[in-house]
Structures are given as structure tokens and as C-alpha cells.
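Visitor: I am new to this structure and would like to be led through it step by step. Could you show it to me before we begin?

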Amino acid sequence: MRKIIISGLLVLGRLTGFCQAPDSIYFNLYTDSLKKGTYNYINVEGIFPNKRVLPLDTTQLIFASSFGEFHRNSLWIPFEATTEKVDITVTLRANPSYIIRRTIYIKKKED
């Protein structure tokens with residue numbers, strides 16, 4: 001019985017290690033501009049206490065923008081957009097005082 005309890009505690013400790021909040025977060029964008037009429041993936045990565053770097057999503061982050069609409073990590077910019085840039089704010093759910101911001105311009109020329 002004692003071995004089962006100790007094993008359970010070890011497993012629980014190992015699982016909670018994976019649920020740790022990151023020490024810091026940063027943008028790792030795939031592009032330098034946003035495209036109209038499409039979902040633009042906003043990649044935010046976290047550096048965890050064990051120095052592991054992992055992409056984060058809406059379970060760990062809160063996304064907000066000055067224009068467009070977020071669907072999880074993707075920002076929808078409508079075709080009829082007339083603004084030239086979007087301010088993006090990302091807040092860490094585990095520590096709401098930890099916020100990062102980035103301004104990204106909207107692509108003007110067609111592909």
C-alpha cells in the first residue's frame with residue numbers, strides 16, 4: 001500500500017511539472033505583416049522553469065487586438081480593412097500582470 005501511495009505521489013508530481021506556468025513569453029511570428037481575408041496565426045512561445053520552450057495557446061494566454069477578431073491564436077483581418085496596422089496584446093493567464101504587446105502592419109499589396 002505504501003509503495004502505491006509513493007508511486008502515485010511521484011506520478012502526480014511529474015504531471016504537475018508539465019502544468020507549470022512559463023517564466024516568460026514572447027512573440028515568434030512567421031511573418032512581418034498580416035494578410036486581409038485570412039486567419040493570421042499569432043505564435044507566442046513560453047520559456048518554462050526547466051528552460052524548455054513551447055508554443056502556447058488560449059488555454060495559457062488571452063489574446064486581444066485593436067482590429068480584427070481572434071479565433072484561438074489566429075487573427076482574422078477582413079478584406080475591407082482600411083487600417084494599416086494592428087496592435088496585439090497577449091496576457092498570461094497564470095499571471096495577468098505579465099503582458100506583451102506588438103504592432104503588426106497589414107499587407108497593402110496583393111500576392
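Visitor: How many helices and strands are there in the protein?
Guide: Please keep in mind throughout that this is a predicted model. Read from the N terminus on, the elements run α-β-β-β-β-β-β-β-β-β-β. Counted by kind, the protein has one helix and 10 strands.

Visitor: What share of the residues in the protein is buried?
Guide: A residue is called buried here when its relative accessible area is under 20%. The protein has 111 residues, and the part of them that is buried comes to 28%.

Visitor: What share of the contacts with a separation of 6 or more is between residues 24 or more positions apart?
Guide: A contact requires heavy atoms within 4.5 Å of each other. Among the contacts in the protein with a separation of 6 or more, the share of those residues that lie 24 or more positions apart is 49%.

Visitor: Is Ser74 buried or exposed?
Guide: Ser74 belongs to strand S8, which covers residues 74-77. Its relative accessibility is 16%, and since the limit for a buried residue is under 20%, Ser74 counts as buried.

Visitor: Which residues is Ser74 in contact with, leaving aside its neighbours within four places in sequence?
Guide: Strand S3, residues 38-41, is joined to S8 by four bridges, and the two run antiparallel. Strand S7, residues 69-71, is also antiparallel to S8, with three bridges between them. With the neighbours within four places set aside, the residues in contact with Ser74 are Tyr39, Asn40, Tyr41 and Glu69.

Visitor: Which residue in S8 is the bridge partner of Tyr39?
Guide: On the S7 side, Phe70 stands opposite Leu75 of S8. Turning to Tyr39, its bridge partner in S8 is Trp76.

Visitor: Which residue in the turn of the hairpin formed by S7 and S8 has a positive phi?
Guide: S7 and S8 are joined by three bridges and run antiparallel. The hairpin that they form has two residues between the strands, and the one in the turn with a positive phi, of about 60°, is Arg72.

Visitor: How many residues of the lining of the largest cavity are nonpolar?
Guide: The structure holds one cavity of 30 Å³ or more, and the volume of the largest cavity is about 30 Å³. Its lining consists of Leu29, Thr31, Leu34, Tyr41, Ile42 and Ile104, and Tyr41 is also among the contacts of Ser74. Of these lining residues, none is charged and one is polar, while the number of nonpolar ones is five.

Key:
Residues are numbered from 1 along each chain as its sequence is written. This is a predicted model: local features need pLDDT of at least 70, side-chain atom pairs count only at pLDDT 80 or more; totals for chains, interfaces and linings use all residues. Side-chain values use heavy atoms; hydrogens and water are left out. On a 1 Å grid over the protein atoms alone, a cavity is a set of points where a 1.4 Å probe fits but cannot get out, and a pocket is an open set with protein on both sides within 12 Å along at least five of seven lines; lining residues have an atom within 4 Å of a point. Grid points are joined across faces, edges and corners, and a volume is the space filled by probe spheres set on the points. Ala, Val, Leu, Ile, Met, Phe, Trp, Tyr, Cys and Pro count as nonpolar, Asp, Glu, Lys and Arg as charged, and the others, Gly among them, as polar. Buried means under 20% relative accessible area, exposed over 50%, partly exposed in between (1.4 Å probe, protein chains only). Two strands pair if DSSP finds at least two bridges between them.
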